[in-house]
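Colleague: I should like to understand how the terms used for a protein model are justified. May I put some questions to you about the one shown here?

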Amino acid sequence: QMGISQDAIVKQIGGRAAWTGKELHKNPYWGAVLSEDELNELDAALRHALPDVEFDGEVPQKVTQEMFPLDVMKRRINGLSEELENGSGAVMIANMPVAKYSIAHLSVIYLGICAYIGHVVHQSSAGLRSKSRGYGQPVGHVRAEMKGKTPKDGKQSNNYFRLHTDRCDVISLLSVRTASKGGEARVSSAVAIHDAMLERAPELVRLLYQPIPRIWEAGVTSLPIFAIHPETGSFTTQISPSYIENAQYVNGVRKLSGDEIEAIDLIEEIGLELGHQFLQMPGQLTFLNNHLVYHGRTAWKFCEMEDLQNCRDNVENGRLLLRAWVSPFNSRALPPTPEMHRLWGTVEGGAPRGGLDPAEKEGIVAKPQELIDAYATGKADYYGIYSRTFKGEDVDLLDEPYEARSSNMPADEPRSSNMPSAP
């Protein structure tokens with residue numbers, strides 16, 4: 001059964017996963033610098049792997065540990081994996097050599113590193129089912145292909161994303177290029193948000209432990225935003241404000257109460273207050289545990305190909321991040337409910353789960369026509385059901401970038417390469 005009973009006590013969670021942006025910035029796992037030996041080992045592993053790698057365009061289809069042998073770097077990754085699951089849930093490598101390689105070869109290195117963290121799963125998207133973004137692929141290319149608040153015609157846009165999770169255990173992003181303006185990343189501890197909301201609005205927190213309708217590729221389902229494993233006590237969270245909003249326009253779906261919408265809205269407000277906003281520079285590689293950490297972004301400058309004066313920000317030269325979804329070998333077990341099994345494929349810890357595979361097994365369905373019509377007629381507006389708006393949403397960048405509390409810190413600087421590489 002999903003949700004908590006009416007008389008259940010909701011408690012503070014705390015621990016190392018309940019961090020603020022300032023605390024994350026001081027974490028030695030956030031901004032680790034690879035040594036020359038580690039970089040050389042990645043280069044050698046690439047050359048070893050290339051004869052066996054099959055590509056779909058620029059996207060390698062599979063890179064295994066056997067194809068991509070590591071030794072020194074493996075010890076580094078072991079430490080990152082421990083921090084991801086049992087620490088802050090957020091790690092960053094600061095100096096991936098993105099300028100040295102083509103996108104295809106860089107993607108091989110990327111997946112090679114991921115292979116030592118866990119199982120790489122194919123990416124999904126209930127909204128924009130775009131292959132360029134990574135739908136059904138092990139690597140996605142996050143970039144703008146149009147300007148607009150709402151993506152259309154299968155194109156990615158330069159739009160603002162509220163704090164959210166992806167349907168995988170770990171979301172990873174590798175920055176290749178930035179925009180000339182905007183496109184800042186946001187990360188925030190879901191545990192810290194939970195605990196802060198419990199102090200400010202405890203009655204709203206309880207609502208987030210109850211099933212909330214949201215769309216996915218196999219239709220509409222309901223899942224709590226917050227959940228606790230009944231035996232291990234491990235926390236997990238799953239939220240996508242746009243998928244929750246889109247479900248409200250599908251026939252037969254339960255309408256959210258005003259308090260439920262307010263609770264979801266408050267997640268963004270608290271998250272921007274407590275979290276960390278930063279420009280993810282080329283070469284910065286992040287891994288975020290979706291059960292513990294939310295991520296989002298501000299809008300950024302984008303120009304069409306025919307705008308020759310602003311070619312710096314077109315689809316070929318503008319903001320670009322590579323993305324991978326990973327099920328770590330040391331991931332937590334999830335609450336053993338039918339809904340969790342349905343969306344994740346399995347709740348077993350350490351197993352490949354999430355991504356597109358569960359939806360394919362369930363049966364992928366077309367986007368509901370009434371949802372498509374709602375956006376076409378203006379009945380629906382991206383994030384329109386929520387009452388709050390935030391700086392950084394304007395795709396024309398006429399508003400000032402939002403200043404989260406932690407963004408007043410200096411820009412992210414690389415940490416020493418002698419950070420601990422294993423627990």
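Colleague: Are Asp265 and Arg162 buried or exposed?

Modeller: This is a predicted model, and in it both Asp265 and Arg162 are buried. Buried means a relative accessible area under 20%.

Colleague: What makes the contact of Asp265 and Arg162 a salt bridge?

Modeller: Side chains of opposite charge can pair when their charged atoms come close. The nitrogen and oxygen of Asp265 and Arg162 are 2.8 Å apart. The cut-off is 4 Å, so the pair counts as a salt bridge. Asp265 belongs to helix H8 (residues 258-274) and Arg162 to strand E7 (residues 161-164), so the bridge ties together parts that are 103 residues apart in sequence. Both residues also belong to a network of salt bridges, which links Arg162, Glu262, Asp265, Glu269 and Arg388.

Colleague: How many salt bridges are there by this rule?

Modeller: The count comes to 19. Another of them joins the side chains of Glu38 and Arg76, at 2.9 Å from N to O. This pair links distant parts of the chain, with Glu38 in helix H2, Arg76 in helix H3, and their positions 38 residues apart.

Colleague: Why is Arg76 called buried?

Modeller: The relative accessible area of Arg76 is 1%. The limit for a buried residue is under 20%, and therefore Arg76 is buried. Its partner Glu38 is buried as well. The side chain of Arg76 also has a polar atom 3.1 Å from the backbone oxygen of Val33.

Colleague: Why is Asp71 called partly exposed?

Modeller: The relative accessible area of Asp71 is 47%. Partly exposed covers the range between under 20% and over 50%, so Asp71 falls in that class. Arg75, at 41%, is partly exposed for the same reason. The side chains of Asp71 and Arg75 meet in a salt bridge, at 3.3 Å from N to O.

Colleague: How do you know that helix H2 has the length expected of it?

Modeller: Helix H2 (residues 36-49) has 14 residues, and its first and last C-alpha atoms are 20 Å apart. At 1.5 Å a residue, the expected value is 20 Å, and the span of H2 is close to it.

Colleague: Which residues of H2 are buried, and what covers them?

Modeller: The buried residues of H2 are Glu38, Glu41, Leu42, Asp43, Ala45, Leu46 and Ala49. What covers them includes helix H3 (72-86) and helix H4 (103-117).

Colleague: What makes up the largest nonpolar core?

Modeller: The largest nonpolar core has 55 residues, and Ile225, Ile264 and Tyr294 have the most contacts inside it. Helix H8 gives the largest share of this core, eight residues. Apart from this core lies another, of 41 residues, among them Leu34, Ala49, Leu84 and Phe287.

Colleague: How many helices and strands does the protein have, and why is it called as compact as a globular protein of its length?

Modeller: The protein has eleven helices and 17 strands. Its radius of gyration is 20 Å, and the globule rule gives 22 Å for 423 residues; the two values are close, so the protein is as compact as a globular protein of that length. Along the principal axes, its C-alpha atoms fill a box of roughly 55 × 55 × 45 Å. Of the 423 residues, 59% are buried.

Notes:
Residues numbered from 1 in each chain as written. Predicted model: local features only at pLDDT ≥ 70, side-chain atom pairs only at ≥ 80, totals over all residues. Heavy atoms only, no water. Helix = DSSP H or I, 4+ residues; strand = E, 2+ residues; numbered from the N terminus. Expected span 1.5 Å × (residues − 1). Buried < 20%, exposed > 50% of the residue type's maximum accessible area, 1.4 Å probe, protein only. Contact = heavy atoms within 4.5 Å. Polar contact = N/O pair within 3.5 Å; in protein donor to acceptor, adjacent residues only side chain to side chain. Core = buried A, V, L, I, M, F, W, Y, C linked by side-chain atoms within 4.5 Å. Rg over C-alpha atoms; globule rule 2.2 N^0.38 Å.
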